[in-house]
Amino acid sequence: MNKKAQAWLGNLLGWGQRRQANNAEKLYAEAVRLARNPAFFDRYGVADDVDGRFDALSLIVALVMRKLKTLDDDGKALSQQLFDSMFADMDLSLREMGAGDIGVSKRVRAMAEAFMGRLESYVDAIDNNDKKSFSAALNRNLFRGNETIDPLANGLVDYLFALVKEIDNLPAEQVLVGMLDIK
């Protein structure tokens, strides 16, 4: 059987999707690892609570999804699967915390909508190299409007722009298999 026929058969049977879903799970685990960087909480003032951790994770996933969107159809598909992995984990986490079925679906939907707003504002600011807008978006979302924290002044914006550059410079093949070689 030639490669084209194998690819067609694999897609028909879902093998390619399972491999991609596995890569999305790996990327999600990498995003969680990066979002748990103690600097977010100790140096930059992100609240070390459920909301702060969600917002830090949302930020990192948004940066990864931004990269994936530049990687043709495979990257776009993986971006969607990364999103799905994140919110499947949010659903599971809420259930483990004791939320009921009806409450979980409503909360996950609200979280997904909030994430999409964050994604749009973060990506727009980054793509326009607009540190002031990025800082305002971080203050509004990551810091939940806490005016005592200035992400531009405390160095978080510069740290994140450097992180964006690292993510942008990762080889496509590496990202598509779920690896973020970032410390």
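**Figure 1. A look into the largest pocket of this predicted model.** The pocket has 19 lining residues, and those nearest its centre are V50, R53, F54, M90 and S93. The space inside comes to about 460 Å³. Helices α2, α4, α5 and α6 are the elements that each give two or more residues to the lining. The biggest contributor is α4, with six residues. Sort the lining by class and you get 13 nonpolar residues, five charged ones and one polar one.

**Figure 2. The whole chain, for getting your bearings.** What is this chain built from? Nine helices and zero strands make up its secondary structure. Read from the N terminus, the order is simply α-α-α-α-α-α-α-α-α. There are 183 residues here, and 44% of them are buried. If you take the contacts with a separation of 6 or more, 62% of them link residues that sit 24 or more positions apart. As for the outside, the accessible surface is about 10,200 Å², and carbon and sulfur atoms account for 52% of that.

**Figure 3. The largest nonpolar core and F87.** This core holds 58 residues, and the two that touch the most other members are F87 and F134. Who supplies the residues? At least two come from each of α2 (15–35), α3 (38–42), α4 (50–68), α5 (72–96), α6 (101–127), α7 (131–141) and α8 (156–168). Helix α4 gives the most, with eleven residues. Zoom in on F87 and, once its neighbours within four places in sequence are set aside, you'll find it in contact with F54, V108, M111, A112 and F115. One of these, F54, also turned up among the residues nearest the centre of the largest pocket.

**Figure 4. F134, the other well-connected member of the core.** You'll find F134 in helix α7. Is this residue buried or exposed? Its relative accessibility is 0%, so F134 counts as buried. Leaving out residues up to four places away in sequence, F134 touches L59, Y122, A125, I126, V157, L160 and F161. Y122 is worth picking out: it lies twelve residues from F134 along the chain, and the C-alpha atoms of the two are 6.0 Å apart.

**Figure 5. Two residues with positive phi, D72 and N129.** Neither of these is a glycine, yet phi is positive in both. For D72 the angle is near 45°, and this residue lies in helix α5. For N129 the angle is near 50°. Where does N129 sit? Its place is in the loop between α6 and α7. N129 counts as exposed because its relative accessibility is 53%, and the cut-off for that label is over 50%.

**Figure 6. Q174 in helix α9.** Helix α9 covers residues 172–176, and Q174 is part of it. Which residues does Q174 touch, apart from those up to four places away in sequence? They are M179, L180 and D181. Why does Q174 count as buried? Its relative accessibility is 17%, and buried means under 20%.

Technical notes. Residues numbered from 1 in each chain as written. Predicted model: local features only at pLDDT ≥ 70, side-chain atom pairs only at ≥ 80, totals over all residues. Heavy atoms only, no water. Core = buried A, V, L, I, M, F, W, Y, C linked by side-chain atoms within 4.5 Å. Buried < 20%, exposed > 50% of the residue type's maximum accessible area, 1.4 Å probe, protein only. Helix = DSSP H or I, 4+ residues; strand = E, 2+ residues; numbered from the N terminus. Contact = heavy atoms within 4.5 Å. 1 Å grid on protein atoms, 1.4 Å probe; cavity = no way out; pocket = protein on both sides within 12 Å on 5 of 7 lines; lining within 4 Å. Points joined across faces, edges and corners; volume = space filled by probe spheres on them. Nonpolar A, V, L, I, M, F, W, Y, C, P; charged D, E, K, R; others polar. Areas by Shrake-Rupley, 256 points an atom, 1.4 Å probe, with all protein chains shown as cover.
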